[in-house]
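Got a minute to look at a fold together? Here's a quick briefing to read alongside the structure.

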Amino acid sequence: MRCYISTLAVILKTTNPKPWVNEFESIELSCMIESISTTNPRIEWKKIKMGEPSYVYFDKEIAGDLEKRAKIREPATLVILNATRADTADYRCEVTAPNDQKSFDEILISLTVRVKPIVPRCSIPKSVPVGKPAELHCLEDEGYPKSHYQWFRNKEEIPEDPKGSPKFFNSTYTLNGEMGTLKFSAVRKEDAGEYYCRARNEAGFSECGPQMMEVYDMNIAGIILGVVVVVTVLLCITVGIFCAYKRGYFTSQKQTGNNYKTPAKGDGVDYVRTEDEGDFRHKSSFVI
């Protein structure tokens, strides 16, 4: 009875239900027919992404997203020749055997196409005063699966936990490998150096170029002295302007017709003022 049921049933199996491949490499999605009696079964492959199925092999031809990029290896294995990140999806192998008592079987295979990270974008401050906070950022958004980030100073990896390394034991930083951030709560002189970030996943890694972060001392006494000098200069200027104003240096006087004084009459000539200011005529007079 067991042999009879097996002979009249189509049964599929796969060697790997969750394969992965690096981008631009080839991958096999194995779909093997373990048992079948129908000599010419119908074989179909469907790609399922975001819950929507679409044919990639139908009526003995490669179709859809895999056209000209895949082939069928007898009897039913699908070979993707040049996998891209868009090929990450579920694939369903379906075999229909009309002459079998159990005439249909299917296998679901989940494919992951891994993508190497691109060069991350790194943000590193050029200079930071001692005792002040500082933040370094690293990000790339092309890699798949999502990248994990590592930070390096002077070509030496910075551990996520500073207490686990004698060299970084006294450092006051927090490193988030998932977000790519390196935060100092209070930088020290020892924190100066060349920093760079590495983005890594299962497909590989990429790094940004090293950038120098300088740490300098703040001259508190010099800053206070400078402030005092500036305040003193401003005070002197203010006092000088006030004194000049009090002494009348900024008072403006204009001569008008009403301010003009008539010359004294002692020469026997009478002066007559016309309507035009400043225009005088004289008339003769005889002294008896």
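What follows is a short tour, from the whole chain down to a few single residues.

Keep in mind that this is a predicted model. The protein has two helices and 23 strands, and 33% of its 288 residues count as buried.

**Overall picture**

- Take the contacts between residues at least 6 apart in sequence: 57% of them join residues at least 24 apart.
- About 19,200 Å² of the protein is exposed, and carbon and sulfur atoms supply 55% of that.

**The nonpolar cores**

- In soluble globular proteins, nonpolar side chains tend to be buried together.
- The largest nonpolar core here has 26 residues, and those touching the most other members are Leu29, Trp45, Leu66, Leu78, Ile80, Tyr91 and Leu111.
- Strands β3 (27-29), β5 (42-49), β6 (52-58), β9, β10 and β11 each put at least two residues into this core.
- Another core, of 23 residues, lies apart from it, and Ile124, Ala134, Leu175 and Met213 are among its members.
- Back in the largest core, Tyr91 has a long contact list even with neighbours within four places in sequence left aside, including Leu29, Trp45, Leu66, Leu78, Ile80 and Leu111.
- Tyr91 also contacts Lys46 and Lys47, along with Val56, Ile107, Leu108 and Ile109.

**Ala76, in a loop**

- Ala76 sits in the loop between β8 (70-73) and β9 (77-80).
- Its relative accessible area is 0%, so Ala76 is buried.
- Leaving out neighbours within four places in sequence, Ala76 is in contact with Cys31, Ile43, Trp45 and Cys93.
- Of these partners, Ile43 is 33 residues from Ala76 in sequence, yet their C-alpha atoms are 6.7 Å apart.

**Asp105, in strand β11**

- Asp105 belongs to β11, which spans residues 104-114.
- Is Asp105 buried or exposed? With a relative accessible area of 15%, Asp105 is buried, because the cut-off for that is under 20%.
- The Asp105 side chain reaches the backbone nitrogen of Leu12 at 2.8 Å.
- Beyond four places in sequence, Asp105 touches Val10, Ile11 and Leu12, as well as Cys93, Glu94 and Val95.

**Thr96, in strand β10**

- Thr96 is part of β10, which covers residues 89-96.
- Thr96 has 18% relative accessibility, so this residue counts as buried too.
- Which residues does Thr96 touch, not counting those up to four places away in sequence? They are Pro41, Arg42, Ser103 and Phe104.

Notes
Residues numbered from 1 in each chain as written. Predicted model: local features only at pLDDT ≥ 70, side-chain atom pairs only at ≥ 80, totals over all residues. Heavy atoms only, no water. Helix = DSSP H or I, 4+ residues; strand = E, 2+ residues; numbered from the N terminus. Buried < 20%, exposed > 50% of the residue type's maximum accessible area, 1.4 Å probe, protein only. Contact = heavy atoms within 4.5 Å. Areas by Shrake-Rupley, 256 points an atom, 1.4 Å probe, with all protein chains shown as cover. Polar contact = N/O pair within 3.5 Å; in protein donor to acceptor, adjacent residues only side chain to side chain. Core = buried A, V, L, I, M, F, W, Y, C linked by side-chain atoms within 4.5 Å.
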